[in-house]
Amino acid sequence: MSEFEVYAAGTGPTAPPTTPPPTAPPAGTNLAQGRPAADTGHSQGYVAGNVTDGNPGTYWESANNAFPQSVTVDLGAQRTVGRLVLRLPAAWGTRSQTLSVLGSADGSAWSTLKALAGYTFAEGSGTVTVPLSTANARHLRVVFTANTGWPAGQLSELEVYAP
């Protein structure tokens with residue numbers, strides 16, 4: 001037998017869908033939302049998964065006094081990325097964190113998407129935007145090397161957007 005079809009009583013074959021399934025998320029979608037995240041180390045229960053959970057009240061905190069530290073998100077597939085939005089809880093005091101952004105297709109070979117620089121997270125917003133040269137990556141890593149507010153890397157949300 002080379003083919004086998006089953007039909008409900010009184011019905012014939014169902015026509016295939018005419019619209020192909022989407023291959024890319026809609027514009028303006030946070031590509032990191034709900035995706036798995038990993039870290040090089042964390043303090044207490046402040047784990048990497050907090051940066052993609054969509055809750056600005058939870059956060060990742062690296063091991064204290066152990067720079068550099070990083071948090072990595074797996075986008076699930078190769079995506080075109082153009083900017084990151086990094087968030088801390090808005091009520092936290094102003095602080096600057098020095099960080100760089102790396103991208104990878106396979107999680108093994110990494111390239112720099114944004115060189116090491118300082119970013120100020122202002123009290124009241126706690127948000128910075130990191131523009132990237134348009135790149136394709138499945139894995140994104142934010143590497144922290146300093147923080148003026150605490151001796152660890154800290155991040156509440158890591159949002160990734162297409163250009």
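Ser104 is a residue of strand 4 in this predicted model. Is this serine buried or exposed? Its relative accessible area is 2%, and because burial is assigned under 20%, Ser104 counts as buried. The side chain of Ser104 makes a polar contact of 3.1 Å with the side chain of Asp106. Leaving aside residues up to four places away in sequence, Ser104 also touches Ala109 and Trp110, together with Ala137, Arg138 and His139.

The strand that holds Ser104 can next be placed among its partners. Strand 4 runs antiparallel to strand 6, and eight bridges join the two. One residue pair to look for is Gln97, whose bridge partner in strand 6 is Asn147. Strand 6 also pairs with strand 3, again in the antiparallel sense, over 14 bridges. Here Leu86 can be found opposite Val128 of strand 6.

Attention now turns to the nonpolar residues. The largest nonpolar core has 28 residues, and the members that touch the most others are Val81, Leu84, Leu86 and Leu140. Two or more residues each come from strand 3 (69-87), strand 4 (95-104), strand 5 (111-121), strand 6 (127-147) and strand 8 (157-161). Which strand gives the largest share? That is strand 6, with eight residues.

Val81 offers a good place to start exploring. Not counting residues up to four places away in sequence, Val81 touches the leucines Leu31, Leu75, Leu113, Leu132 and Leu140. The other residues in contact with Val81 are Ser133, Thr134, Ala135, Val160, Tyr161, Ala162 and Pro163.

Note on methods:
Residues are numbered from 1 along each chain as its sequence is written. This is a predicted model: local features need pLDDT of at least 70, side-chain atom pairs count only at pLDDT 80 or more; totals for chains, interfaces and linings use all residues. Side-chain values use heavy atoms; hydrogens and water are left out. A nonpolar core is a set of buried Ala, Val, Leu, Ile, Met, Phe, Trp, Tyr and Cys residues joined through side-chain atoms within 4.5 Å. Buried means under 20% relative accessible area, exposed over 50%, partly exposed in between (1.4 Å probe, protein chains only). Helices (H or I, at least four residues) and strands (E, at least two) are DSSP runs, numbered from the N terminus. Contact means heavy atoms within 4.5 Å. Two strands pair if DSSP finds at least two bridges between them. A polar contact is a pair of N or O atoms within 3.5 Å; within protein, one must be able to donate a hydrogen and the other to accept it, and residues adjacent in sequence count only if both atoms are side-chain atoms.
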